[in-house]
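Morning, everyone. I have one structure for you today. Please take a look at it before I start.

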Amino acid sequence: MLVFNKKVKNMKAVKVTYTVRSEFAAKNKENIKAFLDEVKQIGDPGMRYNVFVAEDGKTFSHLSMYTNDDSQARFLNLESFKSFQKQRDESGLEAKPKIEAFTLFQSSHDVFN
């Protein structure tokens, strides 16, 4: 049975994929942990954030989901996130961030409960 929660009808999802240099991968992981720790402390129920690392250990895909503009703005304004972005961008990326925006169509589970 497919579930479609009315709360997420206008949900935003953003996927960002990029590749760092091998020597920056460990620092990038530290920076990601720092901003995700802050996200957890905020405890915004309208925000979900996941980061995946490819087999090469240096290609990262971030998938963020927001139920509303306020949750997205709160996230984008975190100092730890801004610091992560600045350090990532100044590290000498092998592949610049590719940003894709999505709208939820269907899901096998309740994304925000």
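I will go through the sheet, then a pair of helices. One caution first: this is a predicted model.

Start with the sheet. There are four strands, and the sheet is open. Reading across, the order is E2-E3-E1-E4. The pairing is antiparallel. Which strands stand at the edges? They are E2 and E4, the latter being residues 95-103. Each has a single partner strand, so one side of each is left without a neighbour in the sheet. As for twist, neighbouring strands are turned by 15° against each other on average, ignoring direction.

Now walk across, strand by strand. Begin with E2, residues 47-53. Seven bridges tie E2 to E3, in the antiparallel sense. To find the register, look at Asn50: its bridge partner in E3 is Leu63. E2 and E3 also make a hairpin, with five residues between them. Check the turn there. Gly57 has a positive phi, about 80°.

Next, E3 itself. That is residues 59-66. How much of E3 is buried? Seven of its eight residues are, so to speak, under cover: the strand is mostly covered.

On the other side of E3 in the strand order comes E1. E1 spans residues 12-19. Eight bridges join E1 to E3, and the two run antiparallel. For a landmark, take Thr17, which stands opposite Ser61 in E3.

One more step takes us to E4. E1 and E4 pair over seven bridges, again antiparallel. Here the marker is Thr19, whose bridge partner in E4 is Ala95.

That is the sheet. On to the helices.

I want to show you H1, residues 25-42, and H3, residues 79-90. Their axes come within 8 Å. They cross at roughly 165°. Anything over 145 degrees counts as roughly antiparallel, and H1 and H3 are therefore roughly antiparallel to each other. What is the hand of the crossing of H1 and H3? It is left-handed.

Who touches whom? From H1, the contact residues are Lys27, Asn28, Asn31, Ile32, Ala34, Phe35 and Glu38. From H3, they are Ser80, Phe81, Phe84, Gln87 and Arg88. By class, that contact has five nonpolar, four polar and three charged residues.

To recap: an open antiparallel sheet in the order E2-E3-E1-E4, a mostly covered E3, and a left-handed crossing of H1 and H3. Thanks. I'll take questions.

How values were computed:
Residues are numbered from 1 along each chain as its sequence is written. This is a predicted model: local features need pLDDT of at least 70, side-chain atom pairs count only at pLDDT 80 or more; totals for chains, interfaces and linings use all residues. Side-chain values use heavy atoms; hydrogens and water are left out. Axes are lines fitted to C-alpha atoms, for helices over the stretch in contact, and angles run from 0 to 180 degrees between N-to-C directions. Angles under 35 degrees count as roughly parallel, over 145 as roughly antiparallel, 65 to 115 as roughly perpendicular and the rest as oblique. A crossing is left-handed if the near helix is turned anticlockwise from the far one by less than a right angle, and right-handed if clockwise. Contact means heavy atoms within 4.5 Å. Ala, Val, Leu, Ile, Met, Phe, Trp, Tyr, Cys and Pro count as nonpolar, Asp, Glu, Lys and Arg as charged, and the others, Gly among them, as polar. Buried means under 20% relative accessible area, exposed over 50%, partly exposed in between (1.4 Å probe, protein chains only). Two strands pair if DSSP finds at least two bridges between them.
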